[in-house]
Amino acid sequence: MTLAGSVRILLIGNGGREHALAWKLSQSPLVESIFAVPGNGGTATCPKTTNITDVAANDYPALVQFAKSKSVTLVVPGPEAPLVDGVEAYFRAAAIPCFGPSKEAAQMEGSKTFSKDFMKKYNIPTAAYENFSDYKQAVAYVDSVSHDVVIKATGLAAGKGVIIPTTKEEAKDALKQIMVDKAFGSAGDEVVIEEFLAGDELSILTFSDGTHTLSLPPAQDHKRIGDGDQGPNTGGMGCYAPTTIATKELIRKIEDEVVQPTIAGMRKSGYPFRGVLFTGLMITSQGPKVLEYNVRFGDPETQTVLPLLSAETDLAEIMLACTAHEARLDCVNIKVENKYSATVVVAAGGYPGSYAKGTPMVVGQPTSPDITIFHAGTNLSPEGRLQTSGGRVIAVNATADTLEAAVKKAYEQGVTLIDFDKMYYRKDIAHRAFRSRQDKEALTYAGAGVSVDAGNEFVERIKKAVRATKQPGADAEIGGFGGEMDLAKCGLQLDNGELPVVVGAIDGVGTKLMIAQKMQKHDTVGIDLVAMNVNDLVVQGARPLMFLDYYGCSKLDLSTAASFVEGVAAGCIDAGCTLVGGETAEMPGMYQKDDYDAAGCAFGVMVNSQRLPRQSDMVAGDILLGLASSGVHSNGFSLVRRILEREGLAYTDAAPWDADKTVGESLLTPTRIYVKSLRGVIEARLVKGLAHITGGGLIDNVPRMLPEHLAAEIDLTAWEMPAVFRWLKMSGNVEPYQMVRTFNTGIGMVAAVDVAHAKDAVAALEAAGEKVFLLGQLVPRAGGEPHCRVLNLDSWA
């Protein structure tokens, strides 16, 4: 535990970002003092902060010695250069925590080539690209492509090494500037030429301890010097947060597809990221794509998002958690105020070209607690007078309940406090958030992620499979508003003049779908869906007649969905019912990436003479027969997946219980459909009751067919537990009772039969292709006793 007033911080840097960091860190009760090397005119007057100008910010051994002399307990490098140089290792060797990544991890910003190759390796969405170290080859590539490009110096260029040409000639000129004229020095020894992405930009600052992450509200920077995003790029002329385009759905998508895979990929690659990761993104029509990574706080994003942190959110505590050996960021609370923040940067005249330094300036004191001024290119003259010392001189931040109010405050109550000769600032910060309605893109259903055309094409594709389920009374033609079944034509006979009873069942496949998605094999789970429903119908004595399916996804993939429905059709054929219709729903945001879910509904009919269970006919001594399952069927997969994960088994690995199949192939064996096998014994009245063994196993499902005064007595030695269940039991260290209450353990259906009819029932079931086991019998049950007793439980130990 860190004691109040015990943290001494060395803050490296002299920009607006560093002033913002000192401002927020100084509010922490944990912090005793902050040493800013070299700091600026703002940090000079910041509470608890002292500027240190006699130690160079790039003399890392000297910084270590200084830190030791001042008993520094936390180092916070602001800019990228020290991190890319490996400053973290200097302080690690001195056992002083450093809030920032290692030199290896800092390559994510230090080398555009490195970061693009990283994104490619870990399937993180980004623009198509090529790397070049030869100027002539780069020019030839520009000539060869038809799309617009972005040219990036691969090394550090102070945020200015990105050029967006509008013509091929401009692109070639940019290559000459970077690679031949060395406009950015050695940073231009290699360039990345990537596809130009259209859309809105935003950036995310994410704290990370190497494992856990906490992201701040998304911000939108203004890089161009001129209003309307005109003119050359700068280090950033203003910013606002949170961005109006960042919906909860988009933020979740960025976290799932970009932030988490990035942090996980860095950890897998052997250089876990500790510090704050800046991810620059373009929000395209295909979703978010990464433009760049920075391995430190952004500027002016830092000046924009830190004021949104609540007063009780302790930045020092967050940084200490990120640098702690035990990785404890998940133990820290971050509260973001429900407000908007806008920052306006005031620059020296002439920036980003040549500009004057040493210009005297006057900065008034804000009268509102919602206004904060952050110094960047300022310092104090020998006489103690505030003056300019850089291109981006100073910034004003304002917070308010609405973005409009925050922007208005920044200009009217903030910028007006600043005065120096030839000062310049943009007048349109957050203009993209205020685009008029007529400038907004005309939205379409397809643009929102739902393709009606794809849905129609899908219906056409599956019609053949659906027609294969046709039977008298149902033509299996889809495309209408509902499915029909003509009971008069499907061979039903009245039972003593009585109409049949309609029976319905609805079910899904559960997390078995996740394995199908991982294996990209979708037909067998379609069979599972039918099986889970029709097996529930047949145990009531019903004959399944019609089936409807539901398929929900984020984006309709024709191949996946068609394969699934073809499986449903195959299951319907096996069950003797007709696939009369269904629903396919594209719901971007409800489902993620390639996920889909499915449910089914089966209808059948039952004549009263065949209604099951016949509980009034059941007596003690009735025989319990078990029908073999085909495998795990469709229940218990949450436990199955957990066991596999703990054992480190991939679905593509050979199955330990079946050398001829992979884990995924074996587990995707479809649920056995018992309908045709059971119809004969039901119509012959050879069974008194049936139980479909699903979730809950034998323990919970067999009692569902029994009267209160009888219990099932099942001998676990009556059959041999199949290999897949033996492996799950052993590898998962699953207790025998939990096995028999979770899985079917090799028995997919149980029948209760009269002793006198047992031999005939077995013969009929075996003739229908079933493997039958004599499980036990029904026994008297007194009140309070269990409905199902298992004998020889220790034989499974």
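## A walk through the model

Start by selecting β17 (residues 340-347) and β22 (residues 392-400): these two strands run antiparallel and are joined by eight bridges. Keep in mind that you are looking at a predicted model. Zoom in on A347, and you'll find R392 of β22 standing opposite.

Now widen the selection to the sheet these two strands belong to. It's an open sheet of five strands, ordered β11-β14-β17-β22-β19, with antiparallel pairing. Colour β11 (220-221) and β19 (371-375) separately: they stand at the edges with a single partner strand each, so one side of each has no neighbour in the sheet. Next, add helix α12 (residues 403-414), which lies across β14 (238-241), β17, β19 and β22. Look along the helix and compare directions: α12 runs at about 135° to β22.

While you're in this part of the chain, show the side chains of K427 and Y425. The charged end of K427 sits over the Y425 ring, 4.6 Å from the ring centre.

**Over to the parallel sheet**

Jump towards the start of the chain and select the open sheet of four strands, in the order β3-β2-β1-β4, with parallel pairing. β3 (49-51) and β4 (74-77) are the edge strands here, each pairing on one side only. Ignoring direction, neighbouring strands in this sheet are turned by 20° against each other on average.

Pick out β1 (residues 7-13) and β4 next; they run parallel, with four bridges between them. For a specific position, click I12: its bridge partner in β4 is P77.

Two helices are worth adding. α1 (residues 16-25) lies across β1, β2 (31-38), β3 and β4, and runs at about 170° to β1. Then bring in α11 (residues 315-323), which packs on the sheet and touches β1, β2 and β4, its direction making about 100° with that of β4.

**Rings**

Switch on the aromatic side chains: the structure holds 17 aromatic pairs. One of them is F132 with Y141, a tilted pair at 5.2 Å centre to centre and 45° between the planes. Both F132 and Y141 are buried.

For another geometry, go to W719 and W796, an edge-to-face pair with 5.7 Å between centres and 90° between planes. This pair links distant parts of the chain, 77 residues apart: W719 is in the loop between β32 (710-715) and α21 (723-732), while W796 is in the segment after β35 (788-791). W719 is buried, as is W796.

Before leaving the rings, select F99, F207 and F297, which ring pairs link into a cluster.

**A valine in a loop**

Next up is V539, in the loop between α15 (523-538) and β25 (543-553). Is V539 buried or exposed? Its relative accessibility is 11%, so V539 counts as buried. What does V539 touch, leaving aside neighbours within four places in sequence? Show L612, L690, A691, H692 and M749: V539 is in contact with these residues. For a sense of distance, draw a line from V539 to C331; their C-alpha atoms are 51 Å apart, and 208 residues separate the two in sequence.

**Zoom out**

Finally, colour the chain by domain: domain 1 (7-98), domain 2 (128-195), domain 3 (198-338), domain 4 (339-433), domain 5 (472-611) and domain 6 (614-796). Taken over C-alpha atoms, the centres of domain 1 and domain 6 are separated by 67 Å.

Technical notes:
Residues numbered from 1 in each chain as written. Predicted model: local features only at pLDDT ≥ 70, side-chain atom pairs only at ≥ 80, totals over all residues. Heavy atoms only, no water. Domains from an automatic or database assignment. Buried < 20%, exposed > 50% of the residue type's maximum accessible area, 1.4 Å probe, protein only. Contact = heavy atoms within 4.5 Å. Phe/Tyr/Trp six-rings, centres within 6.5 Å; stacked < 30°, edge-to-face > 60°. Lys NZ or Arg CZ within 6 Å of the ring centre and 35° of its normal. Pairing = 2+ DSSP bridges. Axes fitted to C-alpha atoms, helices over the stretch in contact; angles between N-to-C directions.
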